[in-house]
Amino acid sequence: MGLIGMFAFLQVYSVQAILPVLITDFSATEVQAGMVVGATILAIAIMSPFLGMLSDAVGRKVFIVGALLFLAIPTALIAQSPSIGWMGIWRFLQGFSVPGITVVTIAYIGEEFEGRAVTELMSFYVSGSVLGGFMGRFLLGHLHELIGWRAGYYVMAAMTLLGALWVTKMLPASRQFVANPNFRSAIQTLGEHLVNRYVVTACLLGACVLFSLVGCFTFINLHLADTPYELSTGALANIFAVYLLGVIITPLSTTLLRRFGSARTVRVAVVVSMLGVLLTLVAPLWGVVIGLAVMSSGVFITQSATISYIAVNVKKGRSLASGLYYMGYYAGGTLGAWLGGITYARGQWSLTVWLLLFVQVLALLIASFGMIKTKSKAA
């Protein structure tokens, strides 16, 4: 589960490490650079509910493998991009396949396991996705310095193909999956989810979470590439090593969930994330790095708690519920890339920080008043 999460997110945020280079190569604006990040995220938001419904009818493993195979194609085509617009198109097509991995994997875990195993496997899946987010940025940043970003994307495409072969061999076939090809039934389940407090709260919270993460880790690159830091793509890639804290912290969040429940865990994690964002305003580079580490740790705990909240409390139409969650989650990320670009262009990093804090306050209110304050049933 951890490695599936890694392959799913290897491509999603990789472009963040080379944004300053793309602005120079394509004579692009900050908003255009932000939307290259947002293109993949927007496609994920659009496709998540539909691929969830389709998976309910077709199956789990075949979907995960097929999505990984498809993901390799636009990843390779990015290397041929003649303009920032074409790069955005290929990035958008990347996003078409990601929900076939993410949404379906969460449904797979919810069906094949129960109780404590669900919470633990979800934490390992999130840890893997964190690792993939780091690896994508780290590898592409250093590949650019070695062979250029275009050739780097060919390497990334080859890695995705290897991931598809690995999942084909290693992932056990579903034992508990029951096909539901009835479209009318799926629409009825969709209607039920749209008024389900668990699902709606998780979607809103997820939107705030990814808005903060995308807004922060997209435009901190432009901030650190500018005076007085003037970091190279390799140095920017190294900054993303703070993501590795999430690989360690996310499994530990299982203990917090068992003891305090989802609502309390999320409230504390959001406050921690807000403190991290504020720390990025300090002048020394080491202070910015600490701020990013604290901010991302809070976000990863929030994400893990929210996904477990859905897996434990939603029993019917799990992949559709996961799809709706990811639609909200990635819609928030798209807004973070767009509004973050506008804000950074007008007020640089300091104004962007205040935008992020505003969204995190919204997340705190949603967790305080929207989440049902009970301990996780998986405990």
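**Exercises on a predicted model**

At a relative accessibility of 0%, C216 counts as buried. The model is predicted.

**Exercise 1. Cysteines**

Task: Determine how many disulfides the model has, and why C208 is not bonded to the closest cysteine sulfur.

Solution:
1. The criterion for a disulfide is a pair of cysteine sulfur atoms within 2.5 Å.
2. For C208, the closest cysteine sulfur belongs to C203 and is 12 Å away, which is too far for a bond.
3. For C216, the nearest cysteine sulfur is that of C208, at 15 Å, and C216 is in no disulfide.
4. The count is therefore zero disulfides.
5. As to exposure, buried means under 20% relative accessible area. C208, with 9%, is buried, and C216, with 0%, is buried as well.

**Exercise 2. The largest cavity**

Task: State the volume of the largest cavity, then describe its lining by residue, by helix and by class.

Solution:
1. Five cavities reach 30 Å³ or more. The largest cavity holds about 90 Å³ of space.
2. Its lining consists of F9, Y13, S129, V130, G133, L213, Y243, F300, Q303 and Y329.
3. Two helices, α7 (116–147) and α13 (285–313), each supply at least two of the lining residues. The most comes from α7, with three residues.
4. Sorted by class, the lining has seven nonpolar and three polar residues, and no charged ones.

**Exercise 3. Helix α1**

Task: Decide whether helix α1 is mostly covered or mostly uncovered, and list its buried residues.

Solution:
1. Helix α1 spans residues 2–9, eight residues in total.
2. Six of these eight are buried, and the helix is mostly covered.
3. The buried residues are I4, G5, M6, F7, A8 and F9.
4. One of them, F9, was met in Exercise 2: F9 is buried in α1 and also lines the largest cavity.

**Exercise 4. T280**

Task: Locate T280 relative to the helices, classify it as buried or exposed, and identify the partner of its side chain in a polar contact.

Solution:
1. T280 lies in the loop that runs between α12 (244–279) and α13. The latter helix also contributes to the lining of the largest cavity.
2. The relative accessibility of T280 is 1%, so T280 counts as buried.
3. Setting aside neighbours within four places in sequence, the residues in contact with T280 are V288, G291, L292, W349 and V353.
4. W349 is the partner sought: its side chain and that of T280 make a polar contact at 3.2 Å. This distance satisfies the cut-off, which asks for a pair of N or O atoms within 3.5 Å.

Note on methods: Residues are numbered from 1 along each chain as its sequence is written. This is a predicted model: local features need pLDDT of at least 70, side-chain atom pairs count only at pLDDT 80 or more; totals for chains, interfaces and linings use all residues. Side-chain values use heavy atoms; hydrogens and water are left out. Buried means under 20% relative accessible area, exposed over 50%, partly exposed in between (1.4 Å probe, protein chains only). On a 1 Å grid over the protein atoms alone, a cavity is a set of points where a 1.4 Å probe fits but cannot get out, and a pocket is an open set with protein on both sides within 12 Å along at least five of seven lines; lining residues have an atom within 4 Å of a point. Grid points are joined across faces, edges and corners, and a volume is the space filled by probe spheres set on the points. Helices (H or I, at least four residues) and strands (E, at least two) are DSSP runs, numbered from the N terminus. Ala, Val, Leu, Ile, Met, Phe, Trp, Tyr, Cys and Pro count as nonpolar, Asp, Glu, Lys and Arg as charged, and the others, Gly among them, as polar. A polar contact is a pair of N or O atoms within 3.5 Å; within protein, one must be able to donate a hydrogen and the other to accept it, and residues adjacent in sequence count only if both atoms are side-chain atoms. Contact means heavy atoms within 4.5 Å.
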